[in-house]
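Visitor: I am new to this structure and would like a close look at a single part of it. Could you take me through that part slowly, and then show me what else the side chains do?

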Amino acid sequence: MSARQRRLRSSTVVLGGMGLLAITITSCGSEPDKRCADRSTRETLPSSRCESGGGSYYYGGSSTKGKVEGGSFDKSAVDRGGFGCSGSGGG
């Protein structure tokens, strides 16, 4: 194996490792999905309602037939998951 081939292989390993590190950092540090919803009815609302105080953000979960489910109004209760991350679990 020539010196040039060794350098290329070494660069590939370093760049691959940096990519994996970047993915790990962004998956752990990113915010959970959020959508604006009414706390009592769980109906989805326009995000402008949450910005004006007329609704609350619902973190994680999904929206089915105009209602949120499977997440929480408590941001800290939502587990982002991701490679190498730890969290508290959902609620």
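Guide: In this predicted model, the torsion about the S-S bond of Cys-36 and Cys-50 is about 100 degrees, and the disulfide is therefore right-handed. Its two sulfur atoms lie 2.1 Å apart, and the structure holds 1 disulfide in total. Because Cys-36 belongs to strand 1 (residues 34–37) while Cys-50 belongs to helix 2 (residues 47–51), the pair ties together parts that are 14 residues apart in sequence. As for their surroundings, Cys-36 has a relative accessibility of 3% and so counts as buried, and Cys-50, at 11%, counts as buried too, since the term applies under 20% relative accessible area. In general terms, a disulfide is a covalent bond between the sulfur atoms of two cysteines.

Turning from sulfur to rings, the structure also holds 1 aromatic pair, which is formed by Tyr-58 and Phe-73 in an edge-to-face arrangement, with 4.9 Å from centre to centre and 80 degrees between the planes. Tyr-58 lies in strand 2 (residues 56–64) and Phe-73 in the segment after strand 3 (67–72), so this pair ties together parts that are 15 residues apart in sequence. Both Tyr-58 and Phe-73 are buried.

A further contact involves the ring of Tyr-57, over which the charged end of Lys-34 sits, 4.3 Å from the centre of that ring.

Conventions:
Residues numbered from 1 in each chain as written. Predicted model: local features only at pLDDT ≥ 70, side-chain atom pairs only at ≥ 80, totals over all residues. Heavy atoms only, no water. Disulfide = S-S within 2.5 Å. Helix = DSSP H or I, 4+ residues; strand = E, 2+ residues; numbered from the N terminus. Buried < 20%, exposed > 50% of the residue type's maximum accessible area, 1.4 Å probe, protein only. Phe/Tyr/Trp six-rings, centres within 6.5 Å; stacked < 30°, edge-to-face > 60°. Lys NZ or Arg CZ within 6 Å of the ring centre and 35° of its normal.
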